[in-house]
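Please open the structure in your viewer and keep the selection tool at hand. The tour proceeds from one selection to the next.

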Amino acid sequence: MNNTHKPVSEPFRQRWALTLSYDGSRFYGWQKQAGEVPTVQAALEYAISRIAGEPVSVIVAGRTDTGVHATAQVVHFDTGVHRPAQAWIRGVNAHLPQGVAVWHAQPVAPHFHARFDAYGRHYRYLLQSAPVRSPLLVGKVGWTHLDLDIELMQQAAKLLEGEQDFSSFRASMCQAKSPIKTLYRAEISGTPEWLKLDLHGNAFLHHMVRNIMGALVYVGNQKLSVADFADLIAAKSRLKAPPTFMPDGLYLTGVDYPEEFGIIKAAMPCWL
């Protein structure tokens with residue numbers, strides 16, 4: 001009698017990576033919450049599950065807070081159904097609410113991880129300085145009524161580059177294991193009336209970009225000198241730091257991954 005058993009084949013599972021954009025002012029942040037609170041994660045998982053015909057959970061490159069936008073957020077998920085890429089784009093978008101859309105989908109290696117394989121993230125903060133805030137840009141651009149010296153802000157921003165302890169720009173509820181991060185680029189450009197802060201780093205602390213923006217605004221209005229800003233970094237404490245700035249003008253604009261995964265690089269939208 002032959003007792004040889006045929007090996008049981010593993011059920012089909014495919015890992016997909018999606019790149020999406022969203023208007024953070026329409027959601028209470030990325031992370032799914034209890035109840036009917038609208039979040040990006042809840043909306044996306046619902047839409048993907050409708051196309052997959054099965055419950056789907058997503059892993060995100062980086063969670064964003066209420067009011068923070070994304071032009072190139074990346075997630076991954078696993079599914080046991082066969083679908084073409086357009087099903088994960090046009091099909092999913094048909095089930096998403098206004099303010100969020102998937103614009104790229106690609107199958108990836110089963111070991112790809114949207115969060116843990118990311119080695120860099122890009123953020124941009126848009127800021128208007130004017131006596132009156134533009135009503136057309138509320139929720140999309142940060143605002144201050146203070147006059148700003150952009151050259152002083154540029155000098156201060158450069159002090160952020162490199163590996164250092166960013167405790168002075170860390171929210172009290174931050175759950176990161178270490179406040180030591182590396183900023184590859186910290187640059188202010190534009191005009192005193194319409195400026196942008198670009199940050200590229202290996203990782204970011206909770207509220208780090210908004211806290212940096214708040215401190216740079218103080219430098220621009222000369223409430224803090226460039227030397228004071230350097231002292232603030234060295235202090236490694238939020239106790240003497242300016243308040244956290246509004247989320248309105250903050251955008252996650254890209255995530256870096258090893259070339260082996262072939263994750264496409266997002267082009268910066270012209271309106272940014």
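Select W88 first: leaving out residues up to four places away in sequence, W88 touches W16, L18, I48, I51, A52, F77, T79, V81, R83, V102 and A105, where contact means heavy atoms within 4.5 Å. This is a predicted model, in which local features need pLDDT of at least 70 and side-chain atom pairs count only at pLDDT 80 or more, while totals for chains, interfaces and linings use all residues. Residues are numbered from 1 along each chain as its sequence is written, and side-chain values use heavy atoms, without hydrogens and water.

Next, add L44, F169, M213 and L216 to W88; these five touch the most other members of the largest nonpolar core, which has 67 residues. Such a core is a set of buried Ala, Val, Leu, Ile, Met, Phe, Trp, Tyr and Cys residues joined through side-chain atoms within 4.5 Å, buried being under 20% relative accessible area with a 1.4 Å probe, protein chains only. Helix α4 (residues 208–220) gives the most to this core, with eight residues; helices are DSSP runs of H or I with at least four residues, and strands are runs of E with at least two, numbered from the N terminus.

Keep α4 and select α5 (residues 226–235). Their axes, lines fitted to C-alpha atoms over the stretch in contact, come within 9 Å and cross at roughly 155°. That makes α4 roughly antiparallel to α5, a term for angles over 145 degrees, taken from 0 to 180 degrees between N-to-C directions. Here A215, L216 and V219 in α4 meet V226, F229 and L232 in α5.

Finally, select Q106 in strand β4 (residues 100–108). Q106 is buried, with a relative accessible area of 10%.

Technical notes. Buried < 20%, exposed > 50% of the residue type's maximum accessible area, 1.4 Å probe, protein only. Parallel < 35°, antiparallel > 145°, perpendicular 65-115°, else oblique.
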